[in-house]
Amino acid sequence: MTDHPPFLTATDAGLTGCTSCGRVWPAGTARCGRCGAHLHPVSTASLQPVWAWWVAGLIFYIPANLYPMLLTATLTGHQQNTILGGAVELAQHGSWGVAGIIFLASILIPISKFLAIAYLALSVGTERRAGSHRHLLLYEVVEFIGRWSMIDVFVVAVLSALVQLGFVASIHPGPAAAAFALSVAFTMLSAQSFDPRLIWRGPTENE
Amino acid sequence: MSVPPETIDALIACPRCDTLHRSHALAETERAACARCGTLLITPRTRSFLHVVALSFTAMILMVAAVFFPFLGISSHGLSHESSVFEAAMAFSDGWLAPLSLAVLLAIVLLPVARFAALIYTLWPLSNGRPPYRHAALAFRFAEELQPWSMAEIFVIGTGVALVKVAGLAEISFGPAFWAFCTLIVVTVLKTAFMSKWTIWEAIGR
């Protein structure tokens, strides 16, 4: 499949590249002399924080879905909505677009993110060195889209601040908001900890 | 295999796949991408420093307006209520959700402002052809690393979703802060389009 000369990586040349600014330093240098970022060699040891944040994110995703996100009090009574319940209720009222956004941002994206990060981390070392473009694309999608899950937290913030009409209607945030925000933050950290250079290293030669 | 130190300066390692490239000055319209994974490495825009400074400054002024002017108002059954962006962040301030208020305030106001300030600090002397201020590298790295956590644009979309939810329940009025926030997003996108990381690092590192 390789129809081009093999690429020389910084690691192969006995160097370490700075992932923050791209500058190259001799292997073993601790900090980038230009931007000051920590230099870290390409190593599967960097998968440990990925898994640690991943598990933390998953743990907080459970209460985020079990507890109510919104507590609504209107003339007709009190109501508690979980993430899924809120999306279903919107759909029943005919707001398909908004229901879709909430479903996408709060359920589909977080779950796909957990699966995608786990898949990337597990498949490190099994890729063919020549082509890992699909894995890199997956990583970049995960990295780009992860922060958009925060939408639901901001929806709750705006609703709770705005809808304060005494006995007519008032909305308060539920405990799931905090759990969900933490879950999103932890999965963002998990994705950031993943070193995409591992994707390209190919089958592990020697650590 | 070792590389002599004088050639090291001219090398770039792709941050996504570790492939080594030899860097050289590019023309204004040229871009350099990684030969293996296609990640953009260099997008030279040497005269754009002043654009970024100006846009960051604009964004900071808009943010002040967005925080202090009325954001949104609703009315229903003769009752009405107004909310500012600050109050939206403070929505979680009762009880044990309080740390979330701080996190929201950081994500939508404080971190964006800190990033704009860091960019102005880094690029203002460079745009005048002067050497960078002290700790400019730290300031720019700080601005880059905080990028994923500054979520003003996500807040605007969240506001839109919230408004659709409320639309059937009450009448909504938009305050100046709402428009300031929307403009802020456009300015931020423009600013990002004018930025070239590699060019800025080259200018700082000299």
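Colleague: Which class fits B:H135: buried, partly exposed or exposed?
Modeller: Ground rules: this is a predicted model, where local features need pLDDT of at least 70 and side-chain atom pairs count only at pLDDT 80 or more, while totals for chains, interfaces and linings use all residues. Residues are numbered from 1 along each chain as its sequence is written, and chains are lettered from A and ligands numbered from 1 in the order in which they are written. Burial goes by other C-beta atoms (placed from the backbone) within 10 Å of a residue's own: 20 or more is buried, 12 or fewer exposed, anything in between partly exposed. B:H135 has 13 of them, so it comes out as partly exposed.

Colleague: And what is phi of B:H135 near?
Modeller: This histidine is in the loop between α4 and α5 of chain B (helices are DSSP runs of H or I with at least four residues, strands are runs of E with at least two, both numbered from the N terminus). Most residues other than glycine have a negative phi. B:H135 goes the other way, with a positive phi near 60°.

Colleague: What about B:D18, buried or exposed?
Modeller: B:D18 is in a loop too, the one between β1 and β2 (20–22) of chain B. Its phi is positive as well, near 75°. It has 30 other C-beta atoms within 10 Å, so B:D18 counts as buried.

Colleague: Over to chain A: in what order do the 4 strands of the open sheet stand?
Modeller: Strands pair when DSSP finds at least two bridges between them. β3 (residues 70–74) has 5 bridges to β6, and another 5 to β4. β5 (residues 164–165) has 2 bridges to β6. The pairing is antiparallel, in the order β4-β3-β6-β5.

Colleague: Which strands of that sheet stand at the edges?
Modeller: Look for strands with a single partner. One side of each is left without a neighbour in the sheet, so the edges are β4 (77–81) and β5 of chain A.

Colleague: At what angle does helix α5 of chain A run to β6(A)?
Modeller: Helix α5 (residues 151–162) packs on the sheet, where it touches β3 and β6 of chain A. Axes are lines fitted to C-alpha atoms, for helices over the stretch in contact, and angles between N-to-C directions run from 0 to 180 degrees. With β6(A), the helix direction makes about 140°.

Colleague: Which residue is the bridge partner of A:A73 in β6(A)?
Modeller: A:A73 has a partner on the β4(A) side, A:H78. Along β6(A), A:T72 is matched with A:I171. For A:A73, the partner in β6(A) is A:S170.

Colleague: Which residue in the turn between β5(A) and β6(A) has a positive phi?
Modeller: These two strands form a hairpin with 3 residues between them. For comparison, the β3(A) and β4(A) hairpin has 2 residues between its strands. The positive phi, about 55°, belongs to A:G166.

Colleague: How many residues of strand β6 of chain A are buried?
Modeller: β6 spans residues 169–173. The strand is largely enclosed by the rest of the structure, because the buried count out of its 5 residues is 4.

Colleague: Which element gives the largest share of the side of chain B that touches chain A?
Modeller: Contact here is C-beta atoms, placed from the backbone, within 7 Å, and it takes in 54 residues from chain B and 52 from chain A. Elements giving two or more residues to chain B's side include β1 (11–13), α4 (98–127) and α6 (152–167). The largest share, 10 residues, comes from α6(B).

Colleague: Which element gives the most to the largest nonpolar core?
Modeller: A nonpolar core is a set of buried Ala, Val, Leu, Ile, Met, Phe, Trp, Tyr and Cys residues joined through C-beta atoms within 7 Å. The largest one has 126 residues, and those with the most contacts inside it include A:A157 and B:V104. The top contributor, with 14 residues, is α4(B).

Colleague: Last one: how far apart are the C-alpha centres of domains 1 and 2 of chain B?
Modeller: An automatic or database domain assignment sets the bounds, and for chain B it gives 1–44 and 46–205. In chain A, with domains 1–41 and 42–200, the centres are separated by 33 Å. For chain B the value is 32 Å.

Technical notes:
Contact = placed C-beta atoms within 7 Å.
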